[in-house]
Amino acid sequence: MGPILITLMLIAGLVGFVYFGKDKLKLLLRARKDITFDNLPERIKGLLVYGLGQKRLITGDPSSGWMHALIFWGFLVLLVRSLTLIIMGYYEPFHIPTFIGAGYTFLKDITEALVLLMIGYAVYRRVVIRPKRLENSRDAWIVLILIGILMVTDFLFDGAKFALFGGPEGWAAAERAFSPIGNLVSLAFAGAPSLFNQVVYHGAYWIHIATLMGFAVFLTMSKHMHVITSLPNVFFRRLETSGKLDMLNLEDEDAEKFGTVTIADLSQKQILDLYTCTECGRCKTSCPTFVTDKPLSLKMLNDQLKHHLVDSKEALLANKLDELPPLASNIISPDTIWACTTCGYCEQACPVFIDQVPRIVEMRQNLVMMEGDFPQELNKVYKGMERNSNPWGIGYDKREEWTKGLDVPVPTVAQLKAEGKNLDILYFVGCMGSFDERNQKIARALAKILNAAGLNFGILGKEEGCTGDTAKRTGNEMLFQELAKFNIEKFDSYDIKTVLTTCPHCFNTIKNEYPQLGGTYKVMHHTELIDQLIKDGKINLQQAFEDVIFHDPCYLGRQNGIYDQPRAVLGAASKNGVMEFDRHHEKSFCCGAGGGRMWMEETIGSRINEERVREGLEKNPSVIASGCPFCLVMMKDGVAAKDANHVKTLDIAEIVAEAMIIPLPMAGGNVSIKVDNPPSLPQTSDETPEA
Ligand code: SF4
Ligand code: SF4
């Protein structure tokens with residue numbers, strides 16, 4: 001078609017691609033290295049399922065998901081076509097040998113038609129449907145136009161080619177037989193003068209090649225860089241839940257700071273995340289902060305950081321890091337940093353696996369541990385945890401007062417040990433169950449269930465400390481590690497193997513984060529245990545409740561994958577099954593209390609818990625059930641705010657304790673316990689919990 005011209009175009013495309021892409025590559029390479037090839041089979045599987053298979057796109061929002069997936073698959077199919085067209089620039093009659101070429105030509109034609117249809121649908125969505133999550137973006141329109149041009153010019157090129165060379169003796173005859181759309185276009189061109197077909201043939205070809213080169217350059221300059229980085233980002237994704245945050249090495253004597261201060265502190269994966277954001281807005285639809293008008297969404301944060309990264313290019317590449325401003329306050333507002341409930345919705349909704357929670361917590365770490373700059377409400381919380389190992393600062397010696405007046409035994413492990421008795425399960429009550437009046441009822445209900453099932457359980461009582469979840473997620477890693485080490489020491493001193501919690505935050509911290517400090521245990525949430533007890537016939541329930549709706553706690557469901565057991569238990573206690581919120585399972589909407597938000601005022605926008613309760617009340621439940629003390633408090637307050645006090649807010653343990661009819665005491669296994677040292681906790685305080 002024109003070897004010199006095609007060579008010039010290829011060179012221009014390549015030069016443009018390298019010119020606009022090289023700095024982004026350099027910024028990526030200079031960043032802190034955290035990209036890893038560990039667990040290769042899992043990474044390859046993810047690449048196939050989520051990268052090439054586009055699973056999250058399709059399941060997250062099927063209509064736009066299929067649209068995007070078809071365009072993406074079409075893009076892959078048409079890569080081969082682009083190659084053949086480039087070769088034709090050097091040798092015009094080139095075509096893929098017939099036995100493969102016939103099939104490919106047919107596939108290519110159908111694919112191009114589908115892609116064109118999808119482009120039409122994309123335009124319709126942007127102009128007519130206008131989903132809230134999508135902003136009108138110039139780049140998106142440019143890309144839609146470029147893809148459209150590629151498809152149309154290819155059909156025109158084929159049509160003119162078949163009209164010119166597709167006759168019985170022509171070199172394009174074989175290809176024509178397998179090209180339904182190209183053939184159709186050629187029929188339209190059949191009566192046209194040869195000059196017309198020559199102009200269309202050459203014109204369509206060169207416009208196609210020029211668009212292709214322009215598209216490649218445009219990718220490096222726009223949000224459509226995700227076309228290049230999405231697959232690597234999926235491949236290098238974090239394989240663990242964002243409920244598991246990495247441990248900071250606080251003993252590193254060379255460390256000059258902790259946490260993220262400037263853009264230079266972002267890691268390679270975090271920068272790849274920024275390049276990969278497609279700006280699709282899926283992360284916003286059920287982000288509790290975005291929905292309730294707080295200044296935070298994963299997309300927004302990506303956008304702010306990406307622009308700042310590009311603006312900081314000179315300083316970063318010249319290693320003039322002291323010229324870079326701290327992110328907090330200068331680039332990212334503190335309200336943004338402190339708004340996140342760490343619920344993980346955005347991460348599971350993101351089709352290209354962009355992380356949010358660790359990045360937010362790393363910024364908090366710097367503010368808390370280096371700057372001492374954090375919401376003043378946390379002051380009291382940290383002090384309470386430091387002095388008495390609970391966020392209210394109530395005397396640690398009052399930790400087992402919730403057991404007073406109970407008509408079932410709740411032994412401490414120390415008592416069991418002294419009596420030479422065995423222990424199957426340590427019930428880790430947590431601060432909420434120990435001190436919060438409303439949540440003490442849940443601890444009592446669970447104690448009744450455990451007794452009814454005949455389990456050998458014990459509590460640590462005064463020897464229990466706060467797990468440190470709030471400290472960890474608000475960035476106070478130092479305090480977290482102190483609290484965690486205290487509990488681990490205690491568990492190990494009693495040779496604890498199995499820990500039971502009623503709080504998903506305690507569950508998550510002990511299960512996912514204590515192992516990094518040397519404490520590895522079998523950890524169960526009470527809904528898992530109760531489900532098992534029902535299945536084993538150790539407790540029997542009557543269907544004493546009706547119209548029960550279940551709210552998925554983020555740290556139980558999304559962060560730890562426990563969805564079925566709470567529903568199975570509630571199903572056994574309810575007459576008419578379990579009702580669902582519109583947003584449930586992995587799409588559940590946070591109650592607003594995670595990530596330390598439980599202890600902070602909510603002064604911006606509307607209240608997250610009220611939004612969640614509003615959604616639940618639409619189903620007319622008589623009970624909103626949950627399996628998390630934080631959620632329960634938030635639901636209770638939300639119900640009161642909505643003037644819906646006829647709706648009860650209950651924990652699953654309370655529902656089970658009330659529905660239990662045939663307790664069959666049975667002995668559990670035998671786990672011996674050892675007590676080495678008496679407990680030692682810091683000074684006491686006599687404050688009482690806030691209602
Ligand atoms: S983790 Fe939750 S609150 Fe935080 S940005 Fe993501 S969706 Fe929003
Ligand atoms: S972070 Fe993910 S979900 Fe959010 S806009 Fe970017 S690509 Fe879409």
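This report describes the fold, the ligand shells, the sheets and a few individual residues of one predicted chain.

The model is predicted, and local features therefore rest on residues with pLDDT of at least 70, side-chain atom pairs count only at pLDDT 80 or more, and totals for chains, interfaces and linings use all residues. Residues are numbered from 1 along each chain as its sequence is written, while chains are lettered from A and ligands numbered from 1 in the order in which they are written.

**Overall architecture**

The C-alpha trace of the chain spans about 100 × 60 × 50 Å along its principal axes, and the secondary structure comes to 30 helices and 8 strands, where helices (H or I, at least four residues) and strands (E, at least two) are DSSP runs numbered from the N terminus. The chain is divided into domain 1 (3–231), domain 2 (263–371) and domain 3 (385–659), with bounds that come from an automatic or database domain assignment. Taken over C-alpha atoms, the centres of domain 1 and domain 3 are separated by 52 Å.

Of the 691 residues in the chain, 47% are buried; a residue is buried if 20 or more other C-beta atoms lie within 10 Å of its own, exposed if 12 or fewer, and partly exposed in between, with C-beta atoms placed from the backbone. Among the contacts with a separation of 6 or more, 82% are between residues 24 or more positions apart, a contact being a pair of residues whose C-beta atoms, placed from the backbone, lie within 7 Å.

**Nonpolar cores**

A nonpolar core is a set of buried Ala, Val, Leu, Ile, Met, Phe, Trp, Tyr and Cys residues joined through C-beta atoms within 7 Å. The largest one has 148 residues, and those with the most contacts inside it are Leu426, Tyr427, Ile449, Ala625 and Val656. Helix H22 (residues 437–452) contributes the largest share of this core, 8 residues. Leaving aside residues up to four places away in sequence, Ile449 touches Ile530, Ile539, Ala653, Val656, Ala657 and Met660. Another core, of 25 residues, lies apart from it and has Leu85, Met151, Ala163 and Ala172 among its members.

**Ligand shells**

The shells around the two ligands are set out by residue class, with Ala, Val, Leu, Ile, Met, Phe, Trp, Tyr, Cys and Pro counted as nonpolar, Asp, Glu, Lys and Arg as charged, and the others, Gly among them, as polar.

| Shell | Nonpolar | Polar | Charged |
|---|---|---|---|
| Ligand 1 | 10 residues | 6 residues | no residues |
| Ligand 2 | 8 residues | 3 residues | 3 residues |

A residue is taken as near a molecule if its C-beta atom, placed from the backbone, lies within 6 Å of it. Of the 16 residues around ligand 1, Cys287, Cys340, Cys343, Tyr345 and Cys346 come nearest, and helix H12 (288–291) and helix H17 (345–349) each supply at least two residues of that shell. Around ligand 2 there are 14 residues, of which Cys277, Cys280, Cys283, Lys299 and Cys350 come nearest, and helix H13 (residues 298–311) gives the most to this shell, with 3 residues.

**Strands and their surroundings**

Two strands pair if DSSP finds at least two bridges between them. An open sheet of 4 strands has the order E2-E1-E3-E4 with parallel pairing, and its edge strands, E2 (457–458) and E4 (522–525), each pair on one side only. Within this sheet, strand E1 (residues 425–428) runs parallel to strand E3 (residues 498–501) and is joined to it by 3 bridges, with Thr501 as the bridge partner of Phe428.

Strand E7 (residues 623–626) pairs with strand E5 (residues 548–550) in the parallel sense over 3 bridges, and 4 bridges join E7 to strand E8 (residues 648–651), again in parallel. Val623 of E7 is the bridge partner of Val548, and Leu650 of E8 is that of Ala625. Both faces of E7 are covered, since Val623 and Ala625 on one side and Ile624 and Ser626 on the other are all buried.

Helix H27 (residues 564–573) is mostly covered, with 7 of its 10 residues buried, and the cover over those buried residues includes helix H26 (526–535), E5, strand E6 (578–580), E7 and helix H30 (652–659).

**Two contrasting residues**

Leu650 is buried because 23 other C-beta atoms lie within 10 Å, and Leu650 touches Val623, Ala625 and Ile655, not counting residues up to four places away in sequence. Glu253, in the loop between helix H10 (226–235) and helix H11 (268–276), counts as exposed because it has 5 C-beta neighbours inside 10 Å.

Methods. Contact = placed C-beta atoms within 7 Å.
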